[in-house]
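User: I would like to go through the pockets of this model, taking one point at a time. Please keep the answers short.

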Amino acid sequence: MADTVLYEVSDGLATITLNRPEAMNALNVAAKVALRDAVRAAAADEDVRAVLLTAAGDRAFCVGQDLKEHIGLLVADREDGGGRTMSTVREHYNPIVKALAGAAKPVVAAVNGVAAGAGFGFALAADYRIVSDTAAFNTSFAGVALTADSGISWTLPRVVGPSRATDLLLFPRSITAQEAYDLGIANRLVPAAELRAEAEKTARALAAGPTVAYAALKESVAYGLTHSLEEALDKEDELQTRAGASEDHAIAVQAFVDKEKPKYRGR
């Protein structure tokens, strides 16, 4: 795994850290490949029961595409027609978002600073966002004459509503941490000095929880957003049957009867 992204698994928690603080964790090709591979690895690993996505430094979570590298790729594409520049959506951004949103386990984003463009999109692809009080968000795309990517055309309207999402996309601006909390972009707002500890505490609690039930909850919410009530009820029946057959459900019921704290196994 390239050192532009750090990957560590401990006690069922995979911690993925964007590691280009000197570039505000901008996404060059090496970082995008490493992040894609790390997120896919965490999603596929049955021993990983929760994921924590964070970033090094205190200035930025991720400011999106590395525009310095991007300029060079644009020039090369114009010279030889290689099409390298925009293929990054298909090759990198889409797989990253699919792996984060589709992982059968909870994903927590610890947003330590500016999250712009694809960085904003990756944060929205997580299930739960803990945000530093010094952080900020910006869609950024229209500011460089581009349209939305990294799933933000799907996630942002579902968080803030279509009208507000359109406003934020057409007129990019810095959204403060407090406004992000008020809009529902941030699930929890914490002092910058406490962010890492709070995020890790939350992610480890999820890693120790009923993984099958968490996966079903993610699936049911995503399904319900695009289906009718009748279809959602049928999906709940399907997913509840799956969760009810899990070992963790039996453990939880027995612990309740015994008045003990359940010790889940994630299956």
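User: Which elements each supply at least two residues of the lining of the largest pocket?

Analyst: The model is a predicted one. Its largest pocket holds about 680 Å³ of space. The elements that each bring at least two residues to its lining are four helices and a strand: α3 (87–102), α4 (118–125), α5 (152–160), α9 (211–224) and β7 (128–132).

User: Where does the largest share of that lining come from?

Analyst: The lining of the largest pocket has 26 residues, and among those nearest the pocket centre are Lys218, Val221 and Ala222. Residues 211–224 form α9. The largest share, seven residues, is from α9.

User: How many residues of each class, nonpolar, polar and charged, does the lining of the largest pocket have?

Analyst: Ala126 and Asp127 are also among the residues nearest the centre. Ala counts as nonpolar and Asp as charged. Over the whole lining the counts are 18 nonpolar, three polar and five charged.

User: Which element gives the most to the lining of the second largest pocket?

Analyst: This pocket has a volume of about 350 Å³, and 21 residues line it. Gln65, Leu67, Phe141, Val144 and Leu146 lie nearest its centre. Two or more lining residues come from each of α2 (67–80) and α3. The most, three residues, come from α3.

User: How many polar residues are in the lining of the second largest pocket?

Analyst: Eleven lining residues of the second largest pocket are nonpolar and one is charged. The polar count is nine.

Conventions
Residues numbered from 1 in each chain as written. Predicted model: local features only at pLDDT ≥ 70, side-chain atom pairs only at ≥ 80, totals over all residues. Heavy atoms only, no water. 1 Å grid on protein atoms, 1.4 Å probe; cavity = no way out; pocket = protein on both sides within 12 Å on 5 of 7 lines; lining within 4 Å. Points joined across faces, edges and corners; volume = space filled by probe spheres on them.
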